[in-house]
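Here are some short exercises on how two helices pack together. Try each task on the model first, then walk through the solution.

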Amino acid sequence: MDSKTFDIIERISNEHCFKTFGYLKEEDLRNEIWIICLEKLSDFNYDRGELEHFLRVSVKNRLINNTS
């Protein structure tokens, strides 16, 4: 993983880890966000948009769907 991708995932996890999502505590949420992002990297198409936006939407959708 390149440093730009690492920084994007770290920024997303830092911004969202303080929010409440179901039963997840801060550190669990941070780890879950990393897992989601790493899984979604293979689905990303660089011709269709920005990586950070794609990962943010993916994280939000997965967290909402898993905790509702």
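**Exercise 1: The helix pair**

Helix α1 passes helix α2 in a right-handed crossing (the near helix is turned clockwise from the far one by less than a right angle; anticlockwise would be left-handed). The model is predicted, so local features need pLDDT of at least 70 and side-chain atom pairs count only at pLDDT 80 or more, while totals for chains, interfaces and linings use all residues. Residues are numbered from 1 along each chain as its sequence is written, and side-chain values use heavy atoms, with hydrogens and water left out.

Task: describe how the axes of α1 and α2 are placed, and list the residues that meet.

Solution:
- Step 1. Two packed helices are described by the angle between their axes and the distance between the axes.
- Step 2. Locate the helices: α1 covers residues 3-16 and α2 covers residues 26-40. Helices here are DSSP runs (H or I, at least four residues), numbered from the N terminus.
- Step 3. The two axes come within 9 Å and cross at roughly 145 degrees. Each axis is a line fitted to C-alpha atoms over the stretch in contact, and angles run from 0 to 180 degrees between N-to-C directions.
- Step 4. From α1, the residues Phe6, Ile9, Glu10, Ile12, Ser13, Asn14 and His16 meet Leu29, Arg30, Ile33, Trp34, Cys37 and Leu38 of α2. Contact means heavy atoms within 4.5 Å.
- Step 5. Sorted by class, this contact has 8 nonpolar, 3 polar and 2 charged residues. Nonpolar covers Ala, Val, Leu, Ile, Met, Phe, Trp, Tyr, Cys and Pro; charged covers Asp, Glu, Lys and Arg; the others, Gly among them, are polar.

**Exercise 2: The faces of α1**

Task: compare the length of α1 with the expected span, then find where its buried residues lie.

Solution:
- Step 1. The 14 residues of α1 should span 20 Å at 1.5 Å a residue, and its end C-alpha atoms are 20 Å apart, which agrees. The expected span is 1.5 Å times one less than the number of residues.
- Step 2. Thr5, Ile8, Ile9, Ile12, Ser13 and His16 are the buried residues in α1 (buried is under 20% relative accessible area, exposed over 50%, partly exposed in between, with a 1.4 Å probe and protein chains only).
- Step 3. Those buried residues fall within an arc of 125 degrees seen down the axis of α1, so they line one face of the helix. The arc is taken from the directions from the helix axis to the C-beta atoms.
- Step 4. Ser3 and Lys4 are exposed on the other side of α1.
- Step 5. For the pattern behind this, recall that an α-helix has 3.6 residues a turn, so residues three or four places apart point the same way.

**Exercise 3: The faces of α2**

Task: repeat the analysis for α2.

Solution:
- Step 1. With 15 residues, α2 reaches 21 Å from its first C-alpha to its last, close to the expected 21 Å.
- Step 2. Leu29, Arg30, Ile33, Trp34, Ile36 and Cys37 are the buried residues of α2.
- Step 3. These residues cover an arc of only 165 degrees around the axis, which puts them on the same side of α2.

**Exercise 4: Residue by residue**

Task: which residues do Ile33, Ile36, Arg30 and Phe6 touch, leaving aside those up to four places away in sequence?

Solution:
- Step 1. Ile33 is buried at a relative accessible area of 0%. Its contacts are Ile12, Ser13, His16, Cys17, Val59 and Leu63. Ile33 and Cys17 lie 8.1 Å apart, C-alpha to C-alpha.
- Step 2. Ile36 is buried, also with a relative accessible area of 0%. Ile36 touches Ser58, Val59, Arg62 and Leu63. The C-alpha atoms of Ile36 and Ser58 are separated by 7.4 Å, although 22 residues apart along the chain.
- Step 3. Arg30 counts as buried at 15% relative accessibility, and touches Glu10, Ser13, Asn14 and Cys17.
- Step 4. Phe6 is partly exposed, with a relative accessible area of 40%, and is in contact with Met1 and Trp34.

Terms used. Helix = DSSP H or I, 4+ residues; strand = E, 2+ residues; numbered from the N terminus.
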